[in-house]
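Visitor: Before we begin, I should like to ask how each label applied to this model is justified.
Guide: Certainly; let us look at the model together.
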Amino acid sequence: MEAFHRLNYLYQAAHCVLAQNPDNVELARFYCHTERTISRRLVLRQDPSVKRTVCKKCCSLLIPGVTATVRQRKCNRRQRLTVVRCLSCGQTKRFRNDPEYQLWVERPEALLQNQPKPGETLCPGTARGSCPQEISELNSEARPPAPGPSTATQALS
């Protein structure tokens, strides 16, 4: 828990440095680089909102108008993208503007309380017919009727 406090402090310090003096990009980059190395060393997952505001290439904090440019771009008829370009190194990030899109972290199956308990035995798949019991039930329902004298042979005799 202490590591998350340290990561949060470094992220906020980088924001404060750029808010006070927008020319002091190197110090903010140092804070973001330190934050990334700590999270990698301790194998901690950063929140997606934090990852979206840090450049992957140069570890610079991406603030629109200060260290990054933000553009809206049409990709297809229906799909729009937000393109964030780092002014330090030129690296670009693209994000979908789909209002129905959800991150995996925000989906219900990602929550720990929805995961199966160690003693429970659940079917491996989520689709119908993937459980062995369901497969045997489906096979018994789909079987053709038992072979007997057909109507063609009855008509001949």
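Visitor: Which residues of α1 are buried?
Guide: In this predicted model, the buried residues of α1 are L7, L10, Y11, A13, A14, V17 and L18. Buried here means under 20% relative accessible area.

Visitor: What makes them line one face of the helix?
Guide: Viewed down the axis of α1, the buried residues fall within an arc of 155°, so they line one face. The face turned away from that buried side carries E2, H5, Y9, A19 and Q20, which are exposed. Among the elements covering the buried residues are α2 (25-41) and α3 (48-51).

Visitor: How do you know that the span of α1 agrees with its 19 residues?
Guide: Helix α1 covers residues 2-20, and at 1.5 Å a residue the expected span is 27 Å; the end C-alpha atoms lie 27 Å apart, so the two agree.

Visitor: Which residues make up the largest nonpolar core?
Guide: That core has 10 residues: Y11, A14, L18, V25, A28, C32, V50, V54, L61 and I63. They count as one core because they are buried nonpolar residues joined through side-chain atoms within 4.5 Å. Two or more residues come from each of α1 and α2. A second, separate core of 7 residues includes C55, L62, V84 and C86.

Visitor: Why is the aromatic pair of F30 and Y31 called tilted?
Guide: The ring centres of F30 and Y31 are 6.1 Å apart, and rings pair if their centres lie within 6.5 Å. Their planes stand at 50°; stacked requires under 30 degrees and edge-to-face over 60, so the pair is tilted. The structure holds 1 aromatic pair.

Key
Residues numbered from 1 in each chain as written. Predicted model: local features only at pLDDT ≥ 70, side-chain atom pairs only at ≥ 80, totals over all residues. Heavy atoms only, no water. Helix = DSSP H or I, 4+ residues; strand = E, 2+ residues; numbered from the N terminus. Expected span 1.5 Å × (residues − 1). Buried < 20%, exposed > 50% of the residue type's maximum accessible area, 1.4 Å probe, protein only. Arc of directions from axis to C-beta. Contact = heavy atoms within 4.5 Å. Phe/Tyr/Trp six-rings, centres within 6.5 Å; stacked < 30°, edge-to-face > 60°.
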